Amino acid sequence: MSSHERLLSPASLGAWRLRNRIAMAPMTRSRAGAGGVPTSLNTRYYAQRAGAGLIIAEAAQISPEAQGYLRTPGIHGAEQIRGWRAVTDAVHERGGTIVLQLWHVGRCTHPENRLPGTRGVAPSAIAAPGRIFTPSGLLPMPVPVALDRAGIEAIVADYGRAAANALDAGFDGVELHAANGYLIDQFLHSSSNLRTDEYGGSISNRCRLLRDVAARLAERVGADRVGVRLSPFGAFNGAVDDDPEHLFATAIEGLNPLGIAYLHVINVEVSGDRNAAHASVDAVAFARSRWRGSLIAAGGYTADDAEEELASGQADVVAFGRPFIANPDLVERIRSGRPWAEPQRATFYTEGEAGYTDYPAADPIAAI
Ligand SMILES: Cc1cc2nc3c(=O)[nH]c(=O)nc-3n(C[C@H](O)[C@H](O)[C@H](O)COP(=O)(O)O)c2cc1C
């Protein structure tokens with residue numbers, strides 16, 4: 001008998017009944033087809049992982065302007081909706097539940113990676129640190145255009161449409177990507193938001209876009225089909241703040257009244273790149289003490305750590321990222337106690353089947 005009874009037990013989360021408390025964390029894999037359209041390869045990848053209680057499918061751009069990286073999928077066009085429909089059908093046929101993460105990268109982009117005529121936008125005209133992969137190699141990310149009020153309203157509308165598109169594509173709900181230094185997170189942080197209007201300045205103002213977008217998603221698809229992902233105390237993509245404890249307390253408490261399905265908190269940045277002054281803060285415990293709804297915890301969990309997190313009441317569901325890359329049958333491995341295969345970093349973002357759909361299940365009969 002598995003010693004991970006809590007992880008393997010069903011859960012009610014928002015509108016969904018999950019068959020276990022093991023979520024697949026959202027992971028960009030850069031294998032969408034032309035025009036950001038999901039293909040049969042993507043369908044196979046998600047179908048292989050349908051044993052998860054909840055799949056949070058990789059971040060998908062809500063508009064052409066929202067794209068930052070090469071070969072990421074979209075959720076703004078008819079072909080993209082059709083492509084995703086095959087993915088959601090395959091996961092549902094296998095008894096799974098799947099939501100889509102909605103993405104606007106803000107300043108983390110490059111003109112070579114977007115459609116011609118689109119702009120890189122952000123709360124303020126401050127470039128993201130670091131460089132980004134483009135067809136011409138690694139290049140610095142240019143200074144973005146600071147959004148005006150009309151631009152902000154258009155983006156809130158894009159989020160609403162993208163959420164409706166996701167439901168049309170058969171997803172069971174959506175997760176707002178408000179983590180890891182992308183657009184919503186750029187508005188939250190003092191280092192990237194120097195605005196003087198109602199979307200900048202005070203912490204409450206910097207949290208306004210997060211609340212506006214989460215409320216719009218809830219309005220479009222129902223609060224019980226919406227999750228929000230935050231990365232408190234991370235520093236990925238230059239998301240740093242003068243007072244992150246006050247900032248994230250305000251961000252989390254501001255979402256409480258919406259009654260959404262879950263808050264998803266990343267405990268450790270995948271890059272290990274944390275805000276040094278707050279490296280010792282446990283982001284999950286921090287969120288748990290302020291959040292009144294269901295909580296998904298992510299970041300560096302083993303099955304034993306995850307079971308402990310559930311037992312202590314810190315989290316309701318635990319999300320696994322990299323373990324799901326190399327172990328399509330992760331739930332079965334947790335059930336049977338079989339060892340986990342190690343993912344190969346070199347193929348995280350490359351094209352084709354290698355390092356994507358060719359990791360075998362431990363029990364070949366279970367392989368798809
Ligand atoms: C290849 C890769 C792609 C990722 N893409 C996303 C993404 O699209 N959205 C997101 O919120 N997090 C993304 N992450 C972060 C993961 O969701 C997760 O938080 C992180 O890997 C830590 O969990 P783990 O230790 O279980 O892997 C990505 C991580 C990896 C390794």
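## A walk around the barrel

Start with the strands: select 3, 4, 5, 10, 11, 12, 13 and 14, and you have a closed barrel of eight strands, running in the order 3-4-5-10-11-12-13-14 with parallel pairing. Step round the barrel and the twist averages 25° from one strand to the next. Bear in mind that this is a predicted model.

Next, pick out strand 10 (residues 173–177) and strand 11 (residues 226–230), which pair in the parallel sense over four bridges. For a closer look, show H177 and find its bridge partner in strand 11, R229. Now bring in helix 3, which packs on the sheet and touches both strand 10 and strand 5 (98–103). The direction of helix 3 makes about 160° with that of strand 5.

Keep helix 3 (residues 149–168) on screen and add helix 6 (residues 208–221). Their axes come within 9 Å and cross at roughly 35°, and the crossing is right-handed. Which residues of the two helices meet? On the helix 3 side, select I152, V156, Y159, G160, A163, A164 and L167; on the helix 6 side, take L209, D212, V213, R216, L217, R220 and V221. Colour that contact by class and you'll get 10 nonpolar, one polar and three charged residues.

Time for the ligand. Select what surrounds it and you should pick up 22 residues, of which the closest are A25, T28, A59, G321 and R322. Which elements give two or more residues to this shell? They are strand 4 (54–61), which you've already met in the barrel, and helix 10 (322–326). Colour the shell by class too: 12 residues are nonpolar, seven are polar and three are charged.

Finally, zoom out to the whole chain. Its secondary structure comes to 11 helices and 14 strands. Line the view up with the principal axes, and the C-alpha atoms fill a box of roughly 60 × 45 × 35 Å. How does the radius of gyration fit a compact globule? With 368 residues, such a globule would have a radius of gyration near 21 Å, and the chain has 19 Å, which agrees.

Methods: Residues are numbered from 1 along each chain as its sequence is written. This is a predicted model: local features need pLDDT of at least 70, side-chain atom pairs count only at pLDDT 80 or more; totals for chains, interfaces and linings use all residues. Axes are lines fitted to C-alpha atoms, for helices over the stretch in contact, and angles run from 0 to 180 degrees between N-to-C directions. A crossing is left-handed if the near helix is turned anticlockwise from the far one by less than a right angle, and right-handed if clockwise. Two residues are in contact if their C-beta atoms, placed from the backbone, lie within 7 Å. Ala, Val, Leu, Ile, Met, Phe, Trp, Tyr, Cys and Pro count as nonpolar, Asp, Glu, Lys and Arg as charged, and the others, Gly among them, as polar. A residue is near a molecule or strand if its C-beta atom, placed from the backbone, lies within 6 Å of it. Two strands pair if DSSP finds at least two bridges between them. The radius of gyration is taken over C-alpha atoms; the globule rule is 2.2 Å times the number of residues to the power 0.38.
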